Amino acid sequence: MYDVIIIGAGAAGLTAAIYTCRKKLKTLIVSIDVGGQTNVTSHIENYPGTGAMHGVELMRRFQDEAVGFGAELIMGKANKVEKIENKFKVFLANGEAYECKGLILAYGKVPKSLGIEGEEKFMGRGVSTCVTCDLPLYKNRDVAVIGGGNSAVEGALESATIAKKVYLVHRRDAFRADEVTVEKLKNNPRIELIFNSVPTKVIGEKNVDGIEVENIITKERKALKVDGIFIEIGYVVDTSFVQHLVKVNEKKEIIVDERGNTSHPGIFACGDITPVPFKQTVIAAGEGAKSALECYRWLTGGKGAVLDWTH
Ligand SMILES: Cc1cc2nc3c(=O)[nH]c(=O)nc-3n(C[C@H](O)[C@H](O)[C@H](O)COP(=O)(O)OP(=O)(O)OC[C@H]3O[C@@H](n4cnc5c(N)ncnc54)[C@H](O)[C@@H]3O)c2cc1C
């Protein structure tokens, strides 16, 4: 039995763990990965006090501190939460389950999928949602990047530093990225832009051999021969497995008050999974700290927490 289970090991969850552990609460973090979305930022420049660094390195430091203060970390996907008498039971996709008195939901956002044939089959084995994490596998090979926002454009530029050929497939004929970056893209000889097109199928038997794309104007389909596919079409919140316990807004974000309380006593939420504006690493970290202190206050019946240094 844990005092606190934190679902998600991104900036919000790891910071929450630092705070709960420093309050001597027995803390378990369960997460699919460590670092979350911050990992995909190769050059994070707006996290104060660290200087510019790779997001993976910044998150490694968060992890070291959380674990250093005593947090236990288990890798896995939470897919069910139940309230049983005075405790919560968190179930993982592998069948394991853990119990706690207080629960902090910090599981951010998950990458959007295309929903096309072959995508799920090859996810993690040729299809990826993280250029920065998986690009080293494609040295001198051909890849396709799908999307038209900043992360797709930057993903294509990063891919062109390692891959032999990069197709950037976008459903429109202009990018939603800043002009300087788009200019770099157009001048890169390794990048071929495929406009007005959507992916329709991942091609391959044992490995990815290519991707089929359809021109949405002419309806013509063609196969691009690639070894790897990066889906960079943004992120969504998935709160389906907690909606029987906590209230969500129209975007399915978990509604919290200014201290991170959800609509259910004993369940707190923080970071990108909540409606808190300006989704940023530093904000997620701050919200994580706040929800952990509020969780501590709740667990101690309002007696223990320092709410303000002036009181
Ligand atoms: C391309 C891109 C660039 C960005 N650039 C910047 C930037 O330069 N500066 C900046 O400050 N911010 C940037 N951001 C935003 C920043 O990364 C996020 O605001 C921040 O990561 C949110 O942290 P979080 O902990 O709330 O969620 P996340 O980072 O999303 O972490 C959530 C964690 O929960 C885990 N998880 C998800 N579902 C489950 C589940 N069911 N069970 C268990 N674990 C689960 C995930 O694996 C992950 O570890 C960027 C985001 C993106 C996508």
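Is Lys 252 buried, partly exposed or exposed? Lys 252 counts as partly exposed, because its relative accessibility is 40%. The legends below describe close-up views of a predicted model.

**Figure 1. The two domains of the protein.** Domain 1 is made of two stretches of sequence, 2-109 and 237-299. Domain 2 covers residues 127-231. The centres of domain 1 and domain 2, taken over C-alpha atoms, are 32 Å apart.

**Figure 2. An open sheet of 5 strands.** The strands follow the order 8-15-9-10-11, and their pairing is parallel. Strand 8 (127-128) and strand 11 (191-194) are the edge strands, each pairing on one side only. Strand 9, residues 142-146, is joined to strand 10, residues 165-169, by 5 bridges in the parallel sense. Within this pair, Asp 142 stands opposite Lys 165, and Ile 146 stands opposite Val 169.

**Figure 3. Strand 9 and its two covered faces.** Asp 142, Ala 144 and Ile 146 lie on one side of strand 9, while Val 143 and Val 145 lie on the other. Every one of these residues is buried. Strand 9 is largely enclosed by the rest of the structure, because 5 of its 5 residues are buried.

**Figure 4. Helix 4 lying across the sheet strands 9, 10, 11 and 15.** Helix 4 spans residues 150-159, and strand 15 spans 228-231. The helix runs at about 170° to strand 9. Its buried residues are Ala 152, Val 153, Gly 155, Ala 156, Leu 157 and Ser 159. These buried residues pack against strand 9, strand 10, strand 11 and strand 15, and also against helix 3 (131-134) and helix 5 (179-186).

**Figure 5. The surroundings of the ligand.** The ligand is surrounded by 34 residues. The closest are Asp 33, Gln 37, Ala 78, Asp 272 and Thr 281. Three polar contacts can be followed in this view. A nitrogen atom of the ligand lies 3.2 Å from a backbone N or O atom of Ile 32. An oxygen atom of the ligand lies 3.1 Å from a polar side-chain atom of Thr 38. For Gln 280, an N or O atom in the side chain is 3.1 Å from an oxygen atom of the ligand.

**Figure 6. Phe 62 in helix 2.** Helix 2 covers residues 55-68. Phe 62 counts as buried because its relative accessible area is 7%, under the 20% limit. Leaving aside residues up to four places away in sequence, Phe 62 touches Ala 11, Leu 14, Thr 15, Ile 18, Tyr 47 and Ala 285. Phe 62 and Val 246 are separated by 184 residues in sequence and by 28 Å in space, C-alpha to C-alpha.

**Figure 7. His 264 in a loop.** The loop runs between strand 16 (235-236) and strand 17 (267-269). His 264 has a relative accessible area of 15%, so it is buried. Its contacts, not counting residues up to four places away in sequence, are Lys 83, Phe 88, Leu 245 and Val 246.

**Figure 8. Val 202 in strand 12.** Val 202 is buried, with a relative accessible area of 6%. Beyond residues up to four places away in sequence, Val 202 touches Ile 116, Glu 117, Gly 118, Glu 119, Phe 122, Val 127, Val 208, Gly 210 and Ile 229. Between Val 202 and Lys 109, the separation is 93 residues in sequence and 24 Å in space, C-alpha to C-alpha.

**Figure 9. Asn 196 and Lys 252, each with a positive phi.** Most residues other than glycine have a negative phi. Asn 196 is not a glycine, yet its phi is positive, at about 50°. Asn 196 lies in the loop between strand 11 and strand 12 (197-203). With a relative accessible area of 18%, Asn 196 is buried. Lys 252 also is a residue other than glycine, and its phi is near 70°. Lys 252 is placed in the loop between strand 16 and strand 17. As stated at the start, Lys 252 is partly exposed, at 40% relative accessibility.

Notes:
Residues numbered from 1 in each chain as written. Predicted model: local features only at pLDDT ≥ 70, side-chain atom pairs only at ≥ 80, totals over all residues. Heavy atoms only, no water. Domains from an automatic or database assignment. Pairing = 2+ DSSP bridges. Helix = DSSP H or I, 4+ residues; strand = E, 2+ residues; numbered from the N terminus. Contact = heavy atoms within 4.5 Å. Axes fitted to C-alpha atoms, helices over the stretch in contact; angles between N-to-C directions. Buried < 20%, exposed > 50% of the residue type's maximum accessible area, 1.4 Å probe, protein only. Near = heavy atom within 4 Å. Polar contact = N/O pair within 3.5 Å; in protein donor to acceptor, adjacent residues only side chain to side chain.
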